[in-house]
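Thanks for sharing this one. Here are a few friendly notes to read alongside the coordinates.

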Amino acid sequence: MTGTTRRLTTAQALIAFLARQYTARDGVNHRLIAATWGIFGHGNVAGIGQALLESGPDAMPFHQGRNEQAMVHAAVGYARQSGRLSAHAVTTSIGPGATNLVTGAALATVNHLPVLLLPGDTFASRPADPVLQQLEVPYAGDVSVNDCLRPVSRHFDRIARPEALIPAALNAMSVLADPANTGAVTLALPQDVQAEAYDWPEEFFRERVWQVRAPAVDPDELDGAVGELRQARRPLIVVGGGVRHAGAQDVLARFAEDTGIPVASTQAGKGALVHDDPRDVGGIGHTGTAAADALARTADVVLGVGTRWTDFTTASATLFQHPGVRFVNLNVRPADAHKMGGRQLVGDARTGLAALHEALKGHRVPAGYEAEYTRLKADWERRVTAAYTPASDGLRPTQAQVLGALDTLVTGDDILINAAGSLPGDLHQLWRTRSHDQYHVEYGYSCMGYEIPAAIGVALAAPGRPVWALVGDGTYLMNPTEIVTAVQENIPIKVVILQNHGYASIGGLSDAVGGERFGTAYRFRAPDGTYGGEVLPVDLAANAASLGMRVLRAETVRDLREALAEARRSDVPTCVYVETERPDTVSGPPPAQAWWDVPVAETATRTSAVTAREEYERHVTARRRHL
């Protein structure tokens with residue numbers, strides 16, 4: 001170091017910079033980039049890899065991954081569990097290592113969760129052209145495979161010279177810490193630039209604290225929202241992930257208690273109220289409860305808090321049927337606040353709810369309305385109990401009964417993770433959340449293979465708490481490799497594999513839309529060429545054991561309860577493997593309480609498709625645009 005500069009490689013400077021970045025909320029600082037995940041190849045081993053080695057684990061902890069997409073999932077799980085106040089970086093080599101990031105980046109950006117991606121890139125100096133793993137684009141010499149990350153990143157930059165890192169790194173941190181604009185941030189790093197030395201100003205490495213803003217709502221917007229809610233006779237609150245990200249759960253509970261307004265939740269918002277709160281009426285939309293969906297159909301004013309209003313939430317725009325229904329949207333992102341033709345209330349969920357609470361002091365919904373939703377909630381709870389209860393402990397469990405067995409075991413400490421298949425629907429309808437962060441279902445992107453790596457990230461953010469990854473066989477086969485990471489680091493995640501021999505969720509959907517379960521079963525081919533033969537002799541429990549997990553097999557409900565209890569006590573990565581009974585052969589979860597738009601073939605010769613099209617046309621007439 002000479003004078004006010006320090007001579008480091010670009011990669012060394014980046015790691016030194018990241019080690020001194022913090023977020024702040026409520027007067028508490030959090031390390032912004034708490035660790036880096038990496039798989040090394042020629043595109044980053046001599047740059048970021050060497051820099052991580054040189055900096056040491058105290059400056060930048062390192063986690064070794066097995067799959068690039070899975071590393072992003074682990075980082076996203078960590079960020080969500082950390083309330084978006086702390087994140088991880090992910091480094092890969094160029095070429096396939098970089099493009100494997102795309103799915104994880106999309107998931108992070110869709111869900112507004114921060115992750116810093118540091119893919120290696122081809123030479124900026126172009127000493128040889130093409131180099132190994134370089135994509136040649138005849139019309140653009142500056143394009144590389146990393147450009148695939150542009151549309152799935154909230155911010156993208158390529159560091160073509162060392163000094164360009166200074167503004168690029170600062171811009172990256174500002175996006176990661178921005179509650180309205182966070183997601184995947186990509187800094188593409190040419191492998192020669194990573195290793196190039198530069199005299200960096202010391203000021204670049206000073207400690208920086210990025211305030212996580214909680215903007216207050218506009219007074220005029222607040223007055224309009226209060227006016228709508230005061231006039232409402234049948235108001236409903238719909239909460240999304242923004243409530244959790246803002247830490248607004250306690251404010252929401254007090255607001256709902258004092259006004260008597262019932263609260264329904266999206267997948268991301270479930271848990272904002274715990275299940276036994278009298279105002280919690282459960283999940284809403286296609287995978288929602290009968291209670292929440294019935295209230296939604298007759299609601300005259302709907303207050304959306306931190307929700308993006310996706311098609312599952314709105315039942316593909318068929319759910320809210322009151323002729324004069326009006327929407328008020330409290331959201332930190334203006335792009336979401338205007339949806340559903342709603343009255344905009346742009347601001348932080350916690351400060352916004354607090355302002356609404358203060359302005360509505362003394363206001364309460366009619367007593368008859370409270371009695372109505374209390375009865376609907378109780379009716380649904382009885383249906384949940386029925387779905388959870390087996391006829392006999394000696395039988396093979398249904399998927400709902402697996403959740404029922406887990407329900408008897410967990411406390412508010414446990415965290416459940418899921419993302420895809422039929423489980424998100426069952427969980428949204430049936431699961432009884434016991435703490436604000438227990439329910440971790442990634443349904444913004446609904447990415448198969450998310451659960452196991454995300455469980456590792458969550459366990460890193462919440463050490464000592466039982467973390468459950470619930471996966472079907474289809475999801476497990478997508479991405480089991482990070483089990484090795486859990487074993488290597490002795491992260492005691494609990495993986496529950498539900499074996500149902502195929503894509504059960506899509507199989508059921510295929511039936512509903514006239515597809516007759518085509519291509520959804522894990523079976524040998526039958527004589528007619530379809531996958532209708534014998535079940536494949538695949539042993540996923542043996543596979544998990546081969547990757548180093550402790551494995552417990554359960555044949556019956558009784559076995560399952562014992563295995564889950566043993567897994568919960570375990571201090572090593574443990575898998576519970578259970579083959580489930582098909583819900584169409586025994587009592588399963590309640591059917592969908594609202595529609596979901598999946599277009600059906602307009603013309604067909606097979607009876608199943610013709611019948612499905614008739615049903616589709618009946619439902620689609622209920623769709624309306626809320627303007």
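1. A quick reminder before the details: this is a predicted model. With that in mind, let me start with one serine and then turn to the cysteines.

2. Have a look at the side chain of Ser86, which makes a polar contact with the side chain of Tyr78 at 3.4 Å. That same side chain of Ser86 also reaches the backbone oxygen of Arg31, at 2.7 Å.

3. Where does Ser86 sit? Its place is in the loop between α3 (68–81) and β6 (87–92). Despite the loop setting, Ser86 counts as buried, because its relative accessible area is 7% and the cut-off for buried is under 20%.

4. As for the surroundings of Ser86, once its neighbours within four places in sequence are set aside, the residues in contact with Ser86 are Arg31, Leu32, Ala34, Tyr78 and Ala79.

5. On to the cysteines. How many disulfides does a search of the whole structure find? The search finds zero. Cys148, for one, is in no disulfide, and the nearest cysteine sulfur, in Cys447, is 17 Å away. Cys148 counts as partly exposed, because its relative accessibility is 43%.

6. Why is Cys575 without a bond to Cys447? The closest cysteine sulfur to that of Cys575 is in Cys447, and the two are 20 Å apart, so they are too far from each other for a bond; a disulfide needs the sulfur atoms within 2.5 Å. Cys575 counts as buried, with a relative accessibility of 0%.

Conventions
Residues are numbered from 1 along each chain as its sequence is written. This is a predicted model: local features need pLDDT of at least 70, side-chain atom pairs count only at pLDDT 80 or more; totals for chains, interfaces and linings use all residues. Side-chain values use heavy atoms; hydrogens and water are left out. Helices (H or I, at least four residues) and strands (E, at least two) are DSSP runs, numbered from the N terminus. Buried means under 20% relative accessible area, exposed over 50%, partly exposed in between (1.4 Å probe, protein chains only). A polar contact is a pair of N or O atoms within 3.5 Å; within protein, one must be able to donate a hydrogen and the other to accept it, and residues adjacent in sequence count only if both atoms are side-chain atoms. Contact means heavy atoms within 4.5 Å.
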